[in-house]
Amino acid sequence: VMGWEDMKDGQGEAEAGPLAKQSRKQRRRNFYEKVALLEMKIQRYLEELGDVIQNTIQNVEKKQTRTREEIDMELEREDAMTRDALVKKTPEGEEVDDDLPTIRDNPLDLPLGWDGRPIPYWLYKLHGLGIEYKCEICSNYSYFGPRAFERHFQEWRHAHGMRCLRIPNTRHFHHVTKIHDAMALWDKIRYESSLKQWKPDTEQEFEDHDGHVFNKKTYEDMRRQGLI
């Protein structure tokens, strides 16, 4: 991108075309419009790739905290997994679809991407897709990766399970996957809500002619007995 110093009058005289005939004010305006457009594109890319950038930063920081021995052990473990997967053979009599990735194309049994091919192993590790999360409220359905696990609390399967338990699917129950824990938390929320409710029998106050203050229940009992 040309800087404003490159677009001064001295530079513009050597250029051919309409730009050389434009005034200094118009050229400055065009330059600022280009800069604003680039800034808008960068901001848009940042919004679309925000999760990827943040996950990449976390992954790099995590790797930086590892020792050399831990990195070597991780590489050896990945190599062992690859060797174990490569020695597997297709069972006899089983038909294999040529259009689908074979064991050689996908030795680690990685998830398939939008193009039908296995996603890169670094992306698989970055998103933690090898970590399994089970949700008892969703009938012990398994979710792979933290992102899928976080997102499922607002999806239909979890919402249906909460409706079956007669519990509202609110923010209070985020990260609650056990039915017993959800029921206990719901009882606690209802109990705390009941304590905050207005109770006129005990909280409403009445004053007699002598200036003594009683709650509603005590005042009515004493009035019926003729004590007030």
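## Overall picture

A residue is called buried here when its relative accessible area is under 20%. By that yardstick, buried residues account for 18% of the 228 residues in the chain. Keep in mind that this is a predicted model.

As for the fold, the chain's secondary structure runs to 11 helices and four strands. Take the contacts between residues at least 6 apart in sequence: 22% of them join residues at least 24 apart. The surface that the chain exposes comes to about 18400 Å², and carbon and sulfur atoms supply 52% of that area.

## The main core

Nonpolar side chains in soluble globular proteins tend to be buried together. In this model the largest nonpolar core has 11 residues: C135, I137, C138, Y143, M162, I167, F173, V176, A182, W186 and I189. Helix α9, spanning residues 179-196, gives this core its largest share, three residues.

W186 is a handy place to start looking around. If you skip its neighbours within four places in sequence, W186 is in contact with R166, I167, P168 and F173. Both I167 and F173 are on the core list too.

## Cysteines without a bond

How many disulfides does the structure hold? The count is zero. A disulfide is a covalent bond between the sulfur atoms of two cysteines. For C138, the closest cysteine sulfur is the one in C135, but at 3.5 Å it is too far for a bond, because the cut-off for a disulfide is 2.5 Å.

Is C138 buried or exposed? C138 counts as buried, because its relative accessibility is just 3%, under the 20% limit. C164, on the other hand, is exposed, with a relative accessible area of 54%.

## Helix α8 and its two sides

Helix α8 covers residues 156-164, and its buried residues are H158, A159, G161 and M162. Looking down the axis of α8, these buried residues fall within an arc of 160°, so they line one face of the helix. Strand β1 (132-135) is part of what covers them. M162 also belongs to the largest nonpolar core.

Over on the other side of α8, the exposed residues are W156, R163 and C164.

## The loop from α8 to α9

Most residues other than glycine have a negative phi. Two residues in this loop go the other way. R166, just after α8, sits in the loop between α8 and α9 and has a positive phi near 60° without being a glycine. R166 counts as exposed, at 72% relative accessibility, yet it is among the contacts of W186.

H175 has its place in the loop between α8 and α9 as well. Its phi is positive, about 75°, although H175 is not a glycine. With a relative accessible area of 46%, H175 is partly exposed.

## S142 and its polar partners

S142 lies in strand β2, residues 141-144. Is this serine, S142, buried or exposed? At 18% relative accessibility S142 counts as buried, since the limit is 20%.

Which residues does S142 touch beyond its neighbours within four places in sequence? They are E132, Y133 and K134. Two of these contacts are polar and run from side chain to side chain: S142 pairs with E132 at 2.6 Å and with K134 at 3.0 Å. The strand that includes these partners, β1 (132-135), also helps cover the buried residues of α8.

Methods. Residues numbered from 1 in each chain as written. Predicted model: local features only at pLDDT ≥ 70, side-chain atom pairs only at ≥ 80, totals over all residues. Heavy atoms only, no water. Core = buried A, V, L, I, M, F, W, Y, C linked by side-chain atoms within 4.5 Å. Buried < 20%, exposed > 50% of the residue type's maximum accessible area, 1.4 Å probe, protein only. Contact = heavy atoms within 4.5 Å. Polar contact = N/O pair within 3.5 Å; in protein donor to acceptor, adjacent residues only side chain to side chain. Arc of directions from axis to C-beta. Areas by Shrake-Rupley, 256 points an atom, 1.4 Å probe, with all protein chains shown as cover.
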